[in-house]
Protein chains: 2
Amino acid sequence: MSARDALLDAYQSLLLTEGQRATTLTAVAAEAGVSKGGLLYHFASKEALAEGLLERLDELLGEDLAEMASAADGPSRYYVRTSVWTGGALDRAFVAVSQLAQEAHAGAREAMNRARRRWLDLIREEVGEEVTAQAILLLGDGLYFDAALSGGTDPEREDVFSAMDLLPIVDRLLAAARA
Amino acid sequence: MSARDALLDAYQSLLLTEGQRATTLTAVAAEAGVSKGGLLYHFASKEALAEGLLERLDELLGEDLAEMASAADGPSRYYVRTSVWTGGALDRAFVAVSQLAQEAHAGAREAMNRARRRWLDLIREEVGEEVTAQAILLLGDGLYFDAALSGGTDPEREDVFSAMDLLPIVDRLLAAARA
DNA sequence: GTCTATAATTGGATAGAC
DNA sequence: GTCTATCCAATTATAGAC
């Protein structure tokens, strides 16, 4: 793995588990096992780190949308399935960027809205009804909210959501929308 | 309004619209129209501000749960209705605290989980089924996530969620759970 | 490509005047 | 109860050695 990727991983991981305030250049460098100077060779500023993360999100999102569009069980089920926290690459990038968005980072807000709009487009296409599509999008948002709150990792949680349990709910919404 | 409340409002408002990083003592004092020294007379530290906000949330949550439990249209509909962003006092406090929770603030995480557990309890009582209750909670979480992303205020948004539209979805879930 | 040293600025907090 | 002045630590970023 390139040093650049390792630094981006460290940045993302700290955002996820410690939040913005604790995600300092010193902390990122330490997490990645390099010095601050080393970090700044690859990313000339903190903003450059943010932009790197946004690029990564867009890349992962492209792959995700392709899979979602051609998912055997349909986009809606795919979306809810994959919104349950599994610690996957896209999940991690998405929740990390959501932290930036909450700091009023314009680029991050655009990226988040872009992602959610495209997910919603695929869901709407399948469901055929706007409000049901919104509800399914919101279910996924809720799962991301939950992940963001617990820092993406909280092994002591008792009330974890399970994809297996939630999918029948999605089926009900789909069936009702078609009826 | 007491100076204390004005400072707490300023703190909450900055958390909501600017995020953690921008919510400095200087910024809070300026927003409230006092000096840093003035602020620190009422709240001896930044942590004291956070604790003040948590107290406010617990207070508002108590009122909300009482209303939710006795809502004419039932707890589930009440919950989704009131999770749509209206800029109400509880909404604002909840989303502001969610920002603290994302900074791994232990007290904030506990408060959030406490709130969500109690909301879920009331919903489960009405619905009678665990997974449907979870889905309704997630719908509300999704609405909060959306609010948190846009800083609670983004008049230029085109894709705003409406309580009127979403309530039929809740009705479907309730009906299906009872069938 | 990575490090150390350091500059410049900001943030949280204290002391003491009014 | 509010303000100004000030201190110290932390943070971003630069310069230059290796």
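How many salt bridges does the rule find across the interface of chain B and chain A? The rule finds four. A salt bridge here is a side-chain nitrogen of Lys or Arg within 4 Å of a carboxyl oxygen of Asp or Glu.

## Basis of the model

This is a predicted model, in which local features need pLDDT of at least 70 and side-chain atom pairs count only at pLDDT 80 or more, while totals for chains, interfaces and linings use all residues. Residues are numbered from 1 along each chain as its sequence is written, chains are lettered from A and ligands numbered from 1 in the order in which they are written, and side-chain values use heavy atoms, with hydrogens and water left out.

## The interface of chains A and B

Contact means heavy atoms within 4.5 Å. By that rule, 47 residues of chain B touch 47 residues of chain A. The two chains bury about 4,100 Å² between them, 57% of it on carbon and sulfur atoms. Buried area is the accessible area (1.4 Å probe) that two parts lose on being put together, summed over both. Arg21(B), Gln102(B) and Phe145(B) supply 19% of the area that chain B buries against chain A, more than any other three residues.

One salt bridge joins the side chains of Arg172(B) and Glu129(A), at 3.6 Å from N to O. Twelve residue pairs are in polar contact across the interface, both residues at pLDDT 80 or more. A polar contact is a pair of N or O atoms within 3.5 Å; within protein, one must be able to donate a hydrogen and the other to accept it, and residues adjacent in sequence count only if both atoms are side-chain atoms. On chain B, the elements giving two or more residues to this side are α1 (3–18), α6 (89–102), α7 (106–127), α8 (130–149) and α9 (163–178). Helices (H or I, at least four residues) and strands (E, at least two) are DSSP runs, numbered from the N terminus. α8(B) gives the most, with 15 residues.

## DNA strand C

A residue is near a strand if one of its heavy atoms lies within 4 Å of it. DNA strand C is surrounded by 14 residues, and the closest are Ser35(A), Tyr41(A), His42(A), Leu25(B) and Lys46(B). Sugar and phosphate make up 63% of the strand C atoms that come within 4 Å of the protein.

Polar side-chain atoms approach phosphate oxygens of strand C from Tyr41(A) at 2.8 Å and from His42(A) at 2.4 Å. Lys36(B) places a polar side-chain atom 3.2 Å from a base nitrogen of strand C. α3 (36–42) of chain A and α3 (36–42) of chain B each give two or more residues to this surface. α3(A) gives the most, with four residues.

## DNA strand D

Around DNA strand D there are 14 residues, the closest being Lys36(A), Lys46(A), Ser35(B), Tyr41(B) and His42(B). Sugar and phosphate account for 61% of the strand D atoms within 4 Å of the protein.

Leu25(A) has a polar backbone atom 2.9 Å from a phosphate oxygen of strand D. A backbone N or O atom of Ser35(B) lies 2.7 Å from a phosphate oxygen of strand D. For His42(B), a polar side-chain atom is 2.4 Å from a phosphate oxygen. The largest share of this surface, four residues, comes from α3(B).

## The annotated region

An unreviewed UniProt entry places the feature "DNA-binding region" at residues 24–43 of chain A. The span is 75% helix and 0% strand, and its end C-alpha atoms lie 13 Å apart. UniProt positions are given in the numbering used here, feature names are shortened, and annotations may be inferred rather than shown by experiment.
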